[in-house]
Amino acid sequence: MALNKFELLDKTIKDSEKEVDQLLKCKTFFEAESLVKGDGLRSILYFCDNIKAMLQLLDSGMEGKIDLVYIDPPFNTRSSYNKKLRLKSRSHSLDISSETYNDNWKNLGEYLQMMTIRLMLIHRLLSEKGTLYLHVDYRTSHYFRLILDHIFGEYRFLNEVIWAYKSGGTGRRSFSKKHDNILVYTKTDKYIFNPQKEKSYNRGFAPYRFKNVEEFKDEIGWHTLVNLRDVWNIDMVGRTSSERAGYETQKPLALLRRIIQTSSNEDSIVADFFLGSGTTAKAAMESGRKFIGSDSSTISYVTVSKRLKDDNLGSRIFADFNQITATPGKLTYRILKNGEGIVLYLQEYIPPRDELYSGKVDPEKLSSLVEESPLIFLDYITVIGVNSERMILSEYFMPDIPQQIMIPDGYKKVIVQLVDVFGAVQEIAIGGDSIEQDGRTEA
Ligand SMILES: C[S@@+](CC[C@H](N)C(=O)[O-])C[C@H]1O[C@@H](n2cnc3c(N)ncnc32)[C@H](O)[C@@H]1O
């Protein structure tokens with residue numbers, strides 16, 4: 001018999017509590033190690049399921065250490081989301097689209113349980129001064145109010161922020177749905193809260209000239225500054241916006257900047273476990289906060305790496321690409337030694353047929369494209385030096401993927417990791433002596 005909503009919530013919470021107990025007994029996936037190094041904690045990015053990331057954080061002493069968690073998870077929309085790309089060679093171009101993540105669930109119970117387990121782990125990671133911002137919409141916000149009341153305690157509810165925006169499409173038989181709901185809960189009553197100001201325009205935009213009230217004038221008119229209300233009008237990331245990373249569901253930096261300024265201090269650790277295009281990472285790092293993030297999609301990995309480029313240097317990256325479903329294609333390469341050292345020469349990369357045909361790519365167009373630009377389907381290459389830990393040495397992004405990569409010395413092993421435009425990953429490991437060889441990887 002189908003459960004009613006209250007029975008469903010009750011079951012979700014009980015099952016999630018059991019699951020969290022089990023998870024906490026498991027050995028964590030990544031080698032547990034102290035994440036606090038001599039130079040203080042560095043930013044950390046995980047590319048794997050966020051449960052693995054959170055378990056490792058808990059296991060390595062991060063319980064109660066994070067001041068701010070913002071998450072913008074899948075909304076249970078029953079859709080899948082894509083990244084769209086135009087590949088261009090000298091005389092050909094090809095539009096492709098690849099899936100970044102899928103928001104289809106067997107039923108509401110499965111979705112709520114997936115979320116509740118993660119919210120329980122986040123609650124453990126938050127510090128005494130900590131705040132959670134859970135970004136959802138009308139589909140599930142009513143369930144999450146009750147779930148979070150249970151996990152945090154109903155007195156720890158701080159606000160429901162309404163993020164209002166303009167976007168295409170209007171409602172004909174209902175009001176147009178143009179806002180998201182951000183539920184804000186604090187771990188204790190010692191939470192960080194730095195009040196922000198907003199403009200409040202005077203009636204008629206004329207000055208009031210009240211005693212002791214400071215007034216300002218801008219291109220719209222006279223206004224005062226008041227403490228920020230809980231309805232935020234912030235534009236979505238538009239088609240022509242310079243911050244656009246090409247990732248559907250990308251949120252605006254202005255939204256994250258406001259949240260970070262309000263609920264964290266300069267010495268705070270900020271986290272986002274559903275990182276997407278890396279908006280929270282970008283906003284946290286530019287304001288000098290340490291950042292912890294995770295996402296299970298390789299398209300996110302590439303997008304975030306591109307977006308953070310300079311800010312990201314020195315971050316630690318943990319990645320588990322075993323669960324990635326995209327199949328890598330065929331890469332031909334040579335490893336050569338010349339007077340200057342070891343060189344990896346990349347000859348050609350052809351993605352697997354399935355990926356291409358699902359995108360209905362014309363095979364002739366494809367071969368002309370690859371003939372002109374043999375590495376056009378590679379999106380990102382990172383060179384990682386391995387000694388006692390992995391460290392990013394250099395990165396290359398489409399359309400600047402070189403055919404020759406110098407392999408730096410001084411490392412036990414160097415891993416060259418290649419991600420294609422569909423999010424498939426493959427690695428070439430070059431040990432101290434593995435030189436002068438031809439290589440071919442196949443799906
Ligand atoms: C709505 S998007 C986040 C968008 C992000 N706020 C931004 O501004 O780009 C949700 C993200 O959650 C990721 N995701 C979904 N389930 C996950 C899981 N179990 N572990 C880690 N990431 C997950 C998806 O890959 C997707 O990138």
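Buried means under 20% relative accessible area, exposed over 50%, and partly exposed in between, with a 1.4 Å probe and protein chains only as cover. Helices (H or I, at least four residues) and strands (E, at least two) are DSSP runs, numbered from the N terminus.

The structure is a predicted model, in which local features need pLDDT of at least 70 and side-chain atom pairs count only at pLDDT 80 or more, while totals for chains, interfaces and linings use all residues. Residues are numbered from 1 along each chain as its sequence is written, and side-chain values use heavy atoms, with hydrogens and water left out.

**Exercise 1. Determine which residues of helix α2 are buried, and describe both ends of the helix.**

Solution.
Step 1. The buried residues of α2 are Asn50, Ile51, Ala53, Met54, Leu55, Gln56, Leu57 and Leu58.
Step 2. Helix α2 spans residues 50-59, and 8 of its 10 residues are buried, so the rest of the structure largely encloses it.
Step 3. At the N-terminal end, Asp49 acts as a cap, with a side-chain oxygen 2.8 Å from the backbone nitrogen of Ile51. This is judged as a polar contact, a pair of N or O atoms within 3.5 Å; within protein, one must be able to donate a hydrogen and the other to accept it, and residues adjacent in sequence count only if both atoms are side-chain atoms.
Step 4. Just after α2, Gly61 adopts a positive phi of about 85°.

**Exercise 2. Locate the salt bridges of Asp10, Lys11 and Arg229, and state what separates the partners in sequence.**

Solution.
Step 1. A salt bridge is a side-chain nitrogen of Lys or Arg within 4 Å of a carboxyl oxygen of Asp or Glu. The structure holds 13 salt bridges.
Step 2. Asp10 pairs with Lys14, the closest N and O atoms being 2.9 Å apart. Because the two residues are 4 residues apart in helix α1 (residues 5-25), about one helical turn separates Asp10 from Lys14. Both are partly exposed: Asp10 has a relative accessible area of 40%, and Lys14 one of 47%.
Step 3. Lys11 and Asp15 form a salt bridge with an N to O distance of 2.7 Å. These two residues are likewise 4 residues apart in helix α1, about one helical turn. Lys11 is partly exposed at 43%.
Step 4. Arg229 forms a salt bridge with Glu198, with the closest N and O atoms 2.8 Å apart. Arg229 lies in the loop between β12 (222-227) and β13 (231-233) and Glu198 in strand β10, so the pair ties together parts that are 31 residues apart in sequence. Glu198 is buried, with a relative accessible area of 15%.

**Exercise 3. Is Ser264 buried or exposed, and which residues does it contact?**

Solution.
Step 1. Ser264 is placed in the loop between α5 (253-263) and β14 (269-272).
Step 2. Its relative accessibility is 0%, and Ser264 therefore counts as buried.
Step 3. A polar atom of the Ser264 side chain lies 2.7 Å from the backbone oxygen of Ile260.
Step 4. Contact means heavy atoms within 4.5 Å. With neighbours within four places in sequence left aside, Ser264 is in contact with Leu68, Ile192, Asn194, Val270 and Arg289.

**Exercise 4. Identify the residues that touch the most other members of the largest nonpolar core.**

Solution.
Step 1. A nonpolar core is a set of buried Ala, Val, Leu, Ile, Met, Phe, Trp, Tyr and Cys residues joined through side-chain atoms within 4.5 Å.
Step 2. The largest core has 46 residues, of which Ile71, Leu132, Leu134, Phe144, Phe273 and Ile292 touch the most other members. Helix α3 (residues 108-125) gives the most to this core, with 10 residues.
Step 3. Apart from neighbours within four places in sequence, the contacts of Phe144 are Tyr111, Leu112, Met115, Leu119, Leu134, Val136 and Leu183.
Step 4. A second, separate core of 33 residues includes Ile182, Leu256, Phe291 and Tyr301.

**Exercise 5. Find where Phe205, Arg209 and Pro399 lie, and give their backbone angles.**

Solution.
Step 1. Most residues other than glycine have a negative phi, and most peptide bonds are trans.
Step 2. In the loop between β10 and β11, Phe205 has a positive phi of about 55°. Phe205 is partly exposed, at 42% relative accessible area.
Step 3. Arg209, found in the loop between β10 and β11, has a positive phi of about 60°. Arg209 is exposed, at 67%.
Step 4. Met398 and Pro399 are joined by a cis peptide bond with omega about 5°. Pro399 is in the loop between β20 (390-397) and β21 (404-407).
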